[in-house]
Amino acid sequence: MKNLSKQINPKMKNLKQLARNIVERSKKMNITAQMDVSLLRHHPKNPRKNLGDLDELVKSIKANGIMQNLTIIPVNGSGVCTSWELATEYWVLIGNRRFEAAKIAGLDKVPCTIVEDISEREQISIMLEENMQRSDLTPVEQAEGFQMTT
C-alpha cells in the first residue's frame, strides 16, 4: 500500500494543476446556461461508481436550488464534439451527485458551465481530482481512475 501511495502523491499534484488549468480555461470561455436535465448524462468514464446517499443533497436542492454550476462537455452521436452547437447531449464532468439529486428533486433545468475542446485525459483527470476530494472514493476507484490517465 505504501508503494501505491508514493505513486499516487506525485500524480495528484499534476492532476490538481491540470484540473485548475481546465477550470480557469472554462471560466475564460464563460459558457454558462440553464440546461435541460434530459440532455445530461453521467460521464461513462467517471471513476465514481457509487454516488452514495443523496437524501440530504436532495433536501438542500429542493430548499435552495443548485448553488454551484455543473461542469459539462458537449457530445454527439460520434462522441465528444468540439462545440456546444453540435451537441446532441452533454456528459457531466463535475457535479454528478448534484445532477442526480436534481433529478430526484424534480428539477427540469440545472445551471451548467460548458467546457469545449477537452481531451479524454483531461476529462478523466478532472473527474478523478474532483472525486478524490471526497473521502468516500474507494482505493479501487482511485486506482482505476489513475490507470485511465496513463
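Is Arg-48 buried or exposed, and what is its relative accessible area? In this predicted model, Arg-48 is buried, because its relative accessible area is 7% and anything under 20% counts as buried. You'll find the residue in the loop between strand E2 (40-42) and helix H2 (55-64). Its side chain reaches the backbone oxygen of Asn-50 at 3.4 Å.

**The chain as a whole**

Let's zoom out a bit. The chain has 150 residues, and 46% of them count as buried. Its accessible surface comes to about 8,600 Å², with 49% of that belonging to carbon and sulfur atoms. DSSP-wise, there are 5 helices and 6 strands, and reading from the N terminus they run α-β-β-α-β-β-β-α-β-α-α. If you take the contacts with a separation of 6 or more, 80% of them are between residues 24 or more positions apart.

**Two cores**

What is in the largest nonpolar core, and which residues have the most contacts inside it? That core has 22 residues, and the ones with the most contacts inside it are Met-35, Leu-40, Leu-70, Ile-72, Tyr-90, Val-110 and Cys-112. H2, strand E3 (70-76), strand E5 (89-94), helix H3 (96-105) and E6 each put in at least two residues. H3 gives the largest share, 4 residues. Apart from this core lies another one of 10 residues, with Ile-73, Trp-91, Ile-94 and Ile-118 among them.

Val-110 is a handy spot to look around from. Ignoring neighbours within four places in sequence, Val-110 is in contact with Ala-33, Gln-34, Met-35, Val-37, Leu-40, Ile-66, Leu-70 and Ala-102.

**Helix H3**

Now for H3 itself. The helix is largely enclosed by the rest of the structure, because 8 of its 10 residues are buried. Those buried residues are Asn-96, Arg-97, Arg-98, Phe-99, Glu-100, Ala-101, Ala-102 and Ala-105, so the list holds charged side chains as well as alanines. They pack against E2, H2, E3, E5 and E6. Just after the helix, Gly-106 takes a positive phi of about 90°.

**Strand E5 and its partners**

E5 is mostly covered too, with 5 of its 6 residues buried. The strand pairs with both E2 and E3, as the table shows.

| Strand pair | Sense | Bridges |
|---|---|---|
| E2 and E5 | parallel | 3 bridges |
| E3 and E5 | antiparallel | 5 bridges |

Which residue of E5 is the bridge partner of His-42? That would be Val-92. Val-92 turns up again on the E3 side, where Ile-72 stands opposite Val-92. Ile-72 is also one of the residues with the most contacts inside the largest nonpolar core.

**Pro-111 in strand E6**

Last stop: Pro-111, which lies in strand E6 (residues 109-114). Pro-111 counts as buried because its relative accessible area is 13%, and the cut-off is under 20%. Where does the chain come back to meet this proline? One place is Ala-33: the two C-alpha atoms are separated by 5.8 Å, although the residues are 78 apart along the chain. Setting aside neighbours within four places in sequence, Pro-111 is in contact with Ala-33, Gln-34, Ile-66, Asn-69 and Leu-70. Several of these names also appear around Val-110, including Ala-33, Gln-34, Ile-66 and Leu-70.

Definitions and conventions:
Residues numbered from 1 in each chain as written. Predicted model: local features only at pLDDT ≥ 70, side-chain atom pairs only at ≥ 80, totals over all residues. Heavy atoms only, no water. Buried < 20%, exposed > 50% of the residue type's maximum accessible area, 1.4 Å probe, protein only. Polar contact = N/O pair within 3.5 Å; in protein donor to acceptor, adjacent residues only side chain to side chain. Contact = heavy atoms within 4.5 Å. Areas by Shrake-Rupley, 256 points an atom, 1.4 Å probe, with all protein chains shown as cover. Core = buried A, V, L, I, M, F, W, Y, C linked by side-chain atoms within 4.5 Å. Pairing = 2+ DSSP bridges.
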